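Please look over the sequence and the structure shown here, and then follow the account below through surface charge, charged pairs and aromatic rings.

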Amino acid sequence: MGVVTAEEIEETLLGMADEKKAKVLMGFFKTGKGEYGEGDIFLGINNPNTRLVVKEAWKDTPLDEAEKLVHSKWHEVRLCGLLIMVAKFEKALKKKNEAECEAIYKLYISLHKYINNWDLVDLTAPRIVGPWSLLHPEDCLMDEWIKADKTLWQQRISMVSCWLPIRKGIFAPALERAKVLLTSKEDLLHKVSGWMLREVGKHGGMEYLEDFLDANVKFMSSTMLRYAIEKLDESSRQMWLKRRRE
């Protein structure tokens with residue numbers, strides 16, 4: 001197979017469009033006026049089918065063509081481009097090609113305004129930004145992105161990129177960023193913070209999770225707390241819920 005272009009991939013995805021599914025997805029991903037996904041438009045393609053396109057095309061799609069896909073107005077086309085970048089990053093990581101990893105990472109973060117719904121973030125940031133942060137713990141960009149003057153999606157990228165470090169026993173970034181988001185008004189950020197706190201507890205950091213809860217439970221939204229304590233036993237969950245109410 002020769003070079004696969006962004007135009008060819010987009011044509012393939014357009015041919016898979018389903019108007020009825022698109023309407024359902026636009027409701028699910030809150031694309032109405034004033035909602036977090038305002039203005040996003042969908043073709044109506046489920047993720048497994050998008051992934052099939054990625055599987056067939058990623059090796060023969062140059063990085064600059066993947067970038068073009070991420071600029072698309074169509075949600076699934078942007079996802080396809082981002083997943084192609086993920087595949088290329090993971091191959092470069094396996095080959096220990098740090099220069100290529102860096103190029104993909106830098107391109108990814110430069111495209112953040114197009115990574116503008118929670119699935120686009122959650123399916124890609126943990127697989128690019130997370131591994132990069134392990135390779136380069138001195139890179140403090142995600143500590144800047146968690147701050148309140150950044151966009152919802154930059155903050156979510158920062159938070160969800162803690163997933164891989166947590167699994168490697170590195171808990172501090174998740175705990176520090178979750179603390180920053182205590183005062184956020186965004187439910188999506190409370191959910192992802194609680195999710196990462198829960199992961200801390202699951203992967204050997206129960207003491208760190210309990211210390212965080214002890215210091216911050218009265219300041220946590222009910223959403224963040226419920227996500228964080230989801231895997232605790234019933235008596236522990238009820239204890240923390242009671243402490244928040246007191």
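Which helix gives the most to the positive patch? In this predicted model, that helix is helix 16 (residues 234–245), which contributes three residues. The patch of positive charge lies on the surface and gathers R226, K242, R244 and R245; among them, R226 is placed in helix 15 (residues 222–228) and is exposed, with a relative accessible area of 51%, which is over the 50% cut-off for that class.

Turning to charged pairs, the count of salt bridges comes to 12. In one of these, R78 meets D40 with the closest N and O atoms 2.9 Å apart, a contact that links distant parts of the chain, since R78 belongs to helix 5 (residues 75–94) and D40 to the loop between helix 2 and helix 3, 38 residues apart. R78 counts as buried at 3% relative accessibility, and D40 is buried as well, at 6%.

A salt bridge also joins the side chains of R156 and D122 (2.6 Å, N to O); because R156 lies in helix 10 (residues 152–160) and D122 in helix 7 (residues 118–122), this pair ties together parts that are 34 residues apart in sequence. R156 is buried at 6% relative accessibility, and D122 is buried at 16%.

The aromatic pairs number seven. One of them is the stacked pair of F29 and F42, with 5.3 Å from centre to centre and 20 degrees between the planes; both residues sit in the loop between helix 2 and helix 3, 13 residues apart, and both are buried. Ring pairs further link F28, F29, F42 and W118 into a cluster.

Definitions and conventions. Residues are numbered from 1 along each chain as its sequence is written. This is a predicted model: local features need pLDDT of at least 70, side-chain atom pairs count only at pLDDT 80 or more; totals for chains, interfaces and linings use all residues. Side-chain values use heavy atoms; hydrogens and water are left out. Rings of Phe, Tyr and Trp (its six-membered ring) pair if their centres lie within 6.5 Å; planes under 30 degrees apart count as stacked, over 60 as edge-to-face and the rest as tilted. Helices (H or I, at least four residues) and strands (E, at least two) are DSSP runs, numbered from the N terminus. Buried means under 20% relative accessible area, exposed over 50%, partly exposed in between (1.4 Å probe, protein chains only). Patches are made of residues with over 30% relative accessible area and no salt bridge: like charges are joined within 9 Å, nonpolar side chains (Val, Leu, Ile, Met, Phe, Trp, Tyr) within 5 Å. Accessible areas come from the Shrake-Rupley method with a 1.4 Å probe; for residues, only the protein chains shown count as cover. A salt bridge is a side-chain nitrogen of Lys or Arg within 4 Å of a carboxyl oxygen of Asp or Glu. Lys and Arg count as positive and Asp and Glu as negative; His and the chain ends are not counted. The place of a charge is taken as NZ of Lys, CZ of Arg, CG of Asp or CD of Glu.
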